[in-house]
Amino acid sequence: MAIYFDNAATSWPKPPAVRAALDKYFLEAGGNPGRSGHQMSIAAARLVENSRELLAEFFNAKDPSQIVFTHNATHALNLAIYGLLRPGDHVVITSIEHNSVMRPLRHLEALGVRVTVVACRTDGTLDLDRLNDALRPGARLLVTTHGSNVAGTLIPIKQVAELARNRHVLYLLDAAQTAGAVAIDVQGIGLDLLAFSGHKGLLGPTGTGGLYIREGVALSPLIRGGTGSDSARETQPEFLPDSHESGTLNVAGIAGLRAALRFLRETGTEAVRTHEQKLVSQLLRGLREIPGITIYGPGEAAFQCGVVSFNVDGAMPSEVGLILDEQFGIMARTGLHCAPSAHRTLGTFPTGTVRFSFGWFNTIAEVDASLEALRKIAPWAARKSEAATWTG
Ligand SMILES: Cc1ncc(COP(=O)(O)O)c(C=O)c1O
């Protein structure tokens with residue numbers, strides 16, 4: 001039995017309708033959207049625009065044009081960060097951010113952007129007073145993750161957005177770990193920018209993602225080129241979404257994402273959230289009963305997304321990951337999860353943790369099977385010498 005607990009990297013499996021949509025796309029809508037007037041091109045353009053409408057509905061954006069397609073959340077975050085910040089600007093982030101936020105900002109720091117990192121507590125939770133202090137007048141942008149990809153910790157985004165608004169600071173939310181699994185209402189929360197993956201909780205194919213841009217927030221494009229619109233001009237269109245969608249889109253991926261969004265609309269985000277919370281609770285309960293296991297993060301399903309990190313005394317995370325995979329068919333991710341600062345916050349740098357990340361298709365039986373495996377691995381790790389290999 002193969003058990004896939006790496007949905008935070010990309011979700012698997014995808015709903016059957018996603019695979020069917022890819023097939024249908026190649027058969028019926030394989031043209032380049034917006035580039036030509038023939039029927040295949042028009043069919044592709046309709047598909048893209050319909051997916052955009054579904055995303056706008058999903059996040060409660062005012063208008064579909066406020067949704068820009070990207071290749072992943074990293075691309076969306078880069079578009080927002082480089083599109084907004086200039087030398088002399090001040091940006092505030094938290095210490096649990098992913099490298100897709102850290103790396104662009106460390107690059108911009110060398111070019112004169114001031115970066116303030118607000119230290120989270122050791123379970124990844126954010127001290128709102130500390131954040132408020134960091135949002136000094138003059139700060140231009142606040143970037144936070146919604147759910148930590150290491151500890152699962154959820155950030156109270158409604159309160160954070162209010163603090164940012166009171167300080168006239170733009171708020172960019174990284175929803176890579178929550179889009180599709182935790183409800184996000186961009187207008188209700190008052191988000192200025194929302195970066196999301198299409199291939200994780202939204203259950204679409206890899207190579208999909210997007211950025212929501214509130215009206216009135218002006219971003220300079222990350223890349224410029226053909227858009228199929230305003231073709232007589234040699235300068236970039238200034239209207240959304242074309243200003244940020246140069247070059248041929250990943251229409252096949254977007255076709256799959258559209259099917260996934262329909263699936264999620266039928267399923268309901270609340271049902272996904274409830275299901276993931278049950279899985280997290282079951283895992284946390286079981287892990288606590290196994291001697292030699294340390295759990296990181298809030299340790300309570302209500303305060304975390306579908307991500308749980310832990311370590312087994314006496315074994316490196318990579319060893320545990322290998323045994324889980326090779327001996328028990330359980331696929332997890334180990335190490336630093338592209339978030340070294342988050343691991344420094346938790347005290348798990350540089351070796352990292354073992355991470356289980358759940359999705360809609362995981363079951364309680366799978367969680368129980370993983371606990372059964374860990375009940376065997378933990379005593380082995382406690383007795384093993386450095387050179388010992390798995391003996392069951
Ligand atoms: C918190 C967070 N932000 C951003 C990303 C990047 O997402 P993508 O893989 O879609 O580029 C990830 C990926 O795991 C993530 O966990």
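Here is a short conversation about a predicted model with its ligand.

Visitor: How many residues surround the ligand?
Guide: Happy to start there. The closest are Thr74, Asp174, Gln177, Ser197 and Lys200. By type, the shell divides into three nonpolar, nine polar and two charged residues. The residues that surround the ligand number 14.

Visitor: Which atom of the ligand does a polar side-chain atom of Asp174 lie 2.6 Å from?
Guide: Let's take the side-chain contacts together. A polar side-chain atom of Gln177 lies 2.7 Å from an oxygen atom of the ligand, and an N or O atom in the side chain of His199 is 2.8 Å from an oxygen atom of the ligand. For Asp174, the partner at 2.6 Å is a ligand nitrogen atom.

Visitor: What share of the ligand's exposed area does the protein bury?
Guide: The space taken by the ligand is the largest pocket. Among its contacts is the one at 2.7 Å between an oxygen atom of the ligand and the side chain of Gln177. Taken alone, the ligand exposes 390 Å², and the buried share of that is 91%.

Visitor: Is Ser148 buried or exposed?
Guide: Ser148 is found in the loop between strand E5 (139-145) and helix H6 (157-166). Its side chain reaches the backbone nitrogen of Val150 at 3.0 Å. The cut-off for buried is under 20% relative accessible area. Because Ser148 has 1% relative accessibility, it counts as buried.

Visitor: What distance separates the C-alpha atoms of Leu346 and Cys120?
Guide: Leu346 belongs to helix H11 (residues 340-346), and at 10% relative accessibility it counts as buried. Leu346 and Cys120 are 226 residues apart along the chain. Their C-alpha atoms are separated by 8.9 Å.

Visitor: Which residue does a cis peptide bond join to Phe349?
Guide: There is a cis bond from Leu240 to Pro241, with omega near -5°; Pro241 is in the loop between strand E8 (209-213) and helix H8 (251-267). For Phe349, omega of the cis bond is about 5°. The partner sits in the loop between H11 and strand E13 (353-357), and it is Pro350.

Visitor: Why does Asn60 count as partly exposed?
Guide: Asn60 lies in the loop between helix H2 (39-59) and strand E2 (67-70), and its phi is near 55°, a positive value in a residue other than glycine. Partly exposed covers what is between under 20% and over 50%. Asn60 counts as partly exposed because its relative accessibility is 32%.

Visitor: What is the relative accessibility of Cys338?
Guide: Cys338 lies in the loop between strand E12 (333-335) and H11. Its phi is positive, about 55°, although Cys338 is not a glycine. Cys338 counts as partly exposed, with a relative accessibility of 36%.

Terms used: Residues are numbered from 1 along each chain as its sequence is written. This is a predicted model: local features need pLDDT of at least 70, side-chain atom pairs count only at pLDDT 80 or more; totals for chains, interfaces and linings use all residues. Side-chain values use heavy atoms; hydrogens and water are left out. A residue is near a molecule or strand if one of its heavy atoms lies within 4 Å of it. A polar contact is a pair of N or O atoms within 3.5 Å; within protein, one must be able to donate a hydrogen and the other to accept it, and residues adjacent in sequence count only if both atoms are side-chain atoms. Accessible areas come from the Shrake-Rupley method with a 1.4 Å probe; for residues, only the protein chains shown count as cover. On a 1 Å grid over the protein atoms alone, a cavity is a set of points where a 1.4 Å probe fits but cannot get out, and a pocket is an open set with protein on both sides within 12 Å along at least five of seven lines; lining residues have an atom within 4 Å of a point. A molecule sits in a cavity or pocket if more than half of its atoms lie within 2 Å of its grid points. Ala, Val, Leu, Ile, Met, Phe, Trp, Tyr, Cys and Pro count as nonpolar, Asp, Glu, Lys and Arg as charged, and the others, Gly among them, as polar. Helices (H or I, at least four residues) and strands (E, at least two) are DSSP runs, numbered from the N terminus. Buried means under 20% relative accessible area, exposed over 50%, partly exposed in between (1.4 Å probe, protein chains only).
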